[in-house]
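Trainee: I have a structure open and would like to talk through how its parts pack together. Could we start with the inside and work outwards?
Mentor: Gladly; let us bring it up first.

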Amino acid sequence: YPFKDAYTFAKASQLHCNPLYKMLYFSKKFFGCMAMELSQLKYFVRVAELESISAAAESLHISQPALSKSISKLESELNIALFDRVGKYIVLNEPGRYFLSCVKRSLYGIDEARTMLEKYAQQGRNLISLGLFASSSMVLDCIDQYTEQFPQIVFDINCNIGDLIANGFNAFDMVVFPDSPEYATYKGIPL
């Protein structure tokens, strides 16, 4: 990833409404420099999934001491324990479960952004960001016909209504929504 740490990514991506951004921002503000790396976050997710440092280390192809050190450093940077140690197993505690959900969303967002950037780099500036409040066969047929006619164009289609509302329409080149009373506050051109 092109970002040196999770805080830099969250800030660059303007994920100000993202819980992980808030956690990283306040950790950096109140606890000094944050040196958290994306690899630490991936390691954290794997350990949380397997509930075992040794099993996670094996699946990540790193040594168990290196993984333990990475998790300890992460907990130290956040100034909170994310796991409860139970014998040879570790189990996420409440802050750990919260952090896991934030990290998974953020890593998904990073992967999604990376995929779109790769498409963008391959296609040049021929990317159309499309938000769909309601998908219909007519809209999908139009997109199919358009891409047949102009194969150099790539559509980034987002059907997540929450994203559409949270990001606002300015985040998209075009937004398609139904012509119904509940969408009357939106202005547009009827299809």
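**Cores and helix packing**

Trainee: How many residues does the largest nonpolar core have, and which ones have the most contacts inside it?
Mentor: The largest nonpolar core has 23 residues, and those with the most contacts inside it are Phe 44, Val 47, Leu 74, Phe 83 and Phe 99. Please keep in mind that this is a predicted model.

Trainee: Which elements supply at least two residues of this core?
Mentor: Helix 3, helix 4 (53-60), helix 5, strand 2 (89-92) and helix 6 (94-123) each do so, and helix 3 gives the most, with 6 residues.

Trainee: Is there a general idea behind such cores, and what is it?
Mentor: In soluble globular proteins, nonpolar side chains tend to be buried together.

Trainee: What is Val 47 in contact with, leaving aside its neighbours within four places in sequence?
Mentor: Setting those neighbours aside, Val 47 is in contact with Ser 52, Ile 53, Ala 56, Leu 67, Ile 71, Phe 83 and Ile 90.

Trainee: And what does the second, separate core include?
Mentor: That second core consists of 8 residues, among them Leu 132, Ile 143, Phe 155 and Val 176.

Trainee: Changing topic to rings, how many aromatic pairs are there?
Mentor: A search of the whole structure finds 4 aromatic pairs, and ring pairs link Phe 44, Phe 83 and Phe 99 into a cluster.

Trainee: Now the helices: at what angle do helix 3 and helix 5 pack?
Mentor: Helix 3 (residues 38-50) and helix 5 (residues 64-78) pack at an angle of about 105°, with their axes 10 Å apart. Angles of 65 to 115 degrees count as roughly perpendicular, and helix 3 and helix 5 are therefore roughly perpendicular to each other.

Trainee: Which residues make that contact?
Mentor: Helix 3 brings Gln 40, Leu 41, Tyr 43, Phe 44 and Val 47, while helix 5 brings Leu 67, Ser 70, Ile 71, Lys 73, Leu 74 and Glu 77. By class, this contact has 7 nonpolar, 2 polar and 2 charged residues.

Trainee: Ser 70 is on that list, so is it buried or exposed?
Mentor: Ser 70 counts as buried because its relative accessibility is 10%, and buried means under 20%. Not counting residues up to four places away in sequence, Ser 70 touches Gln 40 and Tyr 43.

Trainee: How far apart are the axes of helix 4 and helix 5?
Mentor: Their axes are 9 Å apart, and helix 4 and helix 5 pack at an angle of about 110°. By class, their contact has 6 nonpolar, 3 polar and no charged residues.

Key:
Residues numbered from 1 in each chain as written. Predicted model: local features only at pLDDT ≥ 70, side-chain atom pairs only at ≥ 80, totals over all residues. Heavy atoms only, no water. Axes fitted to C-alpha atoms, helices over the stretch in contact; angles between N-to-C directions. Helix = DSSP H or I, 4+ residues; strand = E, 2+ residues; numbered from the N terminus. Parallel < 35°, antiparallel > 145°, perpendicular 65-115°, else oblique. Contact = heavy atoms within 4.5 Å. Nonpolar A, V, L, I, M, F, W, Y, C, P; charged D, E, K, R; others polar. Core = buried A, V, L, I, M, F, W, Y, C linked by side-chain atoms within 4.5 Å. Buried < 20%, exposed > 50% of the residue type's maximum accessible area, 1.4 Å probe, protein only. Phe/Tyr/Trp six-rings, centres within 6.5 Å; stacked < 30°, edge-to-face > 60°.
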